[in-house]
Amino acid sequence: MGKVTGFLEIDRQVAKYQPASDRVRHYREFSLAMSDSEVVKQAARCMDCGVPFCHGPTGCPIHNQIPDWNDLVFNGNWEEAIRNLHSTNNFPEFTGRICPAPCEEACTLNLEDVPIAIKTVEQALADKAFDMGHIAPQPATRKTDRKVAIIGSGPAGMAAAQQLGRVGHDVHIYERESAAGGLLRFGIPDFKMQKHHIDRRVAQMEGEGVTFHYNVQVGVDVSVDTLRNDLDAVLYCGGSEKPRDAGIPGAQLIGVHDAMPYLVQQNKRVAREDIASVGWPSEPILAAAKHVVVVGGGDTASDCVGTAFRQGAVKVTQLDIRPQPPVHEDKLAIWPYWATKMRTSSSQAEGAIREFQVGTLEFVGENGVLTGVKCCQVDEKRRPIAGSEFIITAELAFIAIGFRGPLEQGVLADAGDGLRVGVDNRGSTYIEANDQDYKTSMDRVWAAGDVRRGQSLVVWAIREGRQAAHDIDRTLMGKTTLPR
């Protein structure tokens, strides 16, 4: 805990943003860092709540010891605080920026709508640790003779690689793109998280002996069997990248796109890379001077909104088939679980028009080119309401309704029937592996992250990568010192 009476004396504060009129002119992060003294005050608010739901199963999937490092920050012990935070979370500068903070929803003070600013303190702590030089390579003191291949360098793959490298294994990450990070680099916009944060961790991991192989697609450039034969263990962390099919007529029109190729392209432009990408369309997608419609109400849809504004869109409309949620949840019925309530992202606050309880009937166009989106109002069961149809003008539309599993090309095509794939009740595919040992149906192959559990949060990816590393080390060595 922090100060005994801190939660009574200090108001909740979080980092403020640059004005929308300024931040839409660039792709950099736009949150204004709080001073150390302000961060200490927020850490001081952490109360002696008895049962810290914030790092229990309802709050933080990686079980960050939030009251402990809040207390350490409050007492000015930044070095011990980052050591504590790293004991459960390999990459707090990632989670401090892009995690939706279920820990704050589970905070006892959230019963009064003033939870501890956990996410703000976490990001500030991680950034200060870098500034103070507390984050450096931690190479193993003794090397083993075991080699591990990790397919995919997203947060699950990176977390597993760092854990396994630190206990002495020779770890090789195979990444089909030109740089590490997975969708952290190519899916999350730079205005939410700039990519030098990833580069710093890659440099740290290379200093710990991890080897990165870029522009290598497993299943195409190197086979799964080659990795299995040449190395002692293979961990598949390829992610869930296949867009969910909306089944909307007119999706073939020029100007209609799935969301992820659009985000990947813009991130590559910011990085001054070729926009061509394995598995995604390569024709340029730009929103400048266009009316844009985004179908979907989640984070990916919001990222499309913010990107479109920065590209100079005339108007951005976001369609959500769900009813508009209440502004406040029923605390006694929901807490400490994640609440469905009205939330406005920074991108939506930049001027998006949000339509709730609206179904998308058809993309309409002329001469094969999109001109509008035909919509209608829907009832509580998402059935169209007769006579409520309307058309929104649009020259560009994005479908952002989620993902339904790993891409077939590459690992799945190469592994064939040897790698068992399951299908959930929404028709999404996933690699069959339990959350105890993460072993797949193929000998010496494990799976973790979105490729196993489906589209999820960065904290779940880090958790699964760490837990898979625990079992891989235990299997290879007969025992392990890695935490689970």
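Which residue takes a positive phi in the hairpin of β11 and β12? In this predicted model, Asn-367 does, with a phi near 55 degrees, and the hairpin has 2 residues between its strands.

## Hairpin and the strand beside it

Strand β11 covers residues 358-366 and strand β12 covers residues 369-377. The two pair in the antiparallel sense, over 8 bridges. Within this pairing, Gly-359 of β11 stands opposite Cys-376 in β12.

Strand β12 is also joined to strand β13, residues 390-393, by 4 bridges, and these two strands run antiparallel. Gly-372 has Thr-393 as its bridge partner in β13.

## The parallel sheet

Five strands form an open sheet: 5 strands in the order β7-β14-β8-β9-β10, with parallel pairing. The edges are β7 (256-258) and β10 (353-356), each of which pairs on one side only. On average, neighbouring strands of this sheet are turned by 20 degrees against each other, direction ignored.

At the β10 edge, strand β9 (residues 315-320) pairs with β10 in the parallel sense over 4 bridges. Thr-317 has Ile-353 of β10 as its bridge partner.

Helix α13 packs on the sheet, where it touches β7 and β14 (396-399). The direction of α13 makes about 80 degrees with that of β7. Helix α14 lies across β8 (291-295), β9 and β14, and runs at about 175 degrees to β9. Strand β14 is thus listed for both helices: α13 touches β14, and α14 lies across β14.

## Helices α13 and α14

Two packed helices are described by the angle between their axes and the distance between the axes. For α13 (residues 259-270) and α14 (residues 299-311), the angle is about 45 degrees and the axes are 10 Å apart. The two helices are therefore oblique to each other, and their crossing is left-handed.

On the α13 side, the contact is made by Ala-259, Met-260, Tyr-262, Leu-263, Gln-266 and Arg-269. On the α14 side, the residues are Thr-300, Asp-303, Cys-304, Thr-307, Ala-308 and Gln-311. Sorted by type, the contact residues of α13 and α14 are 6 nonpolar, 4 polar and 2 charged.

## Helices α9 and α11

Helix α9 (residues 155-166) packs against helix α11 (residues 196-207) at an angle of about 25 degrees, with the axes 11 Å apart. Angles under 35 degrees count as roughly parallel, so α9 is roughly parallel to α11. The crossing of α9 and α11 is left-handed.

From α9, the contact uses Met-158, Ala-161, Gln-162 and Arg-166. From α11, the contact uses Ile-198, Arg-201, Val-202, Gln-204 and Met-205. By type, the residues of the contact of α9 with α11 are 5 nonpolar, 2 polar and 2 charged.

## Helix α4 and its cover

Which residues of helix α4 are buried? In this helix, residues 66-74, the buried residues are Ile-66, Pro-67, Trp-69, Asn-70, Leu-72 and Val-73. Their cover includes the helices α3 (36-44), α5 (78-86), α7 (102-106) and α8 (118-131).

Just after α4, Gly-76 takes a positive phi of about 80 degrees.

Key: Residues numbered from 1 in each chain as written. Predicted model: local features only at pLDDT ≥ 70, side-chain atom pairs only at ≥ 80, totals over all residues. Heavy atoms only, no water. Axes fitted to C-alpha atoms, helices over the stretch in contact; angles between N-to-C directions. Parallel < 35°, antiparallel > 145°, perpendicular 65-115°, else oblique. Left-handed = near helix turned anticlockwise from the far one by under 90°. Contact = heavy atoms within 4.5 Å. Nonpolar A, V, L, I, M, F, W, Y, C, P; charged D, E, K, R; others polar. Pairing = 2+ DSSP bridges. Buried < 20%, exposed > 50% of the residue type's maximum accessible area, 1.4 Å probe, protein only.
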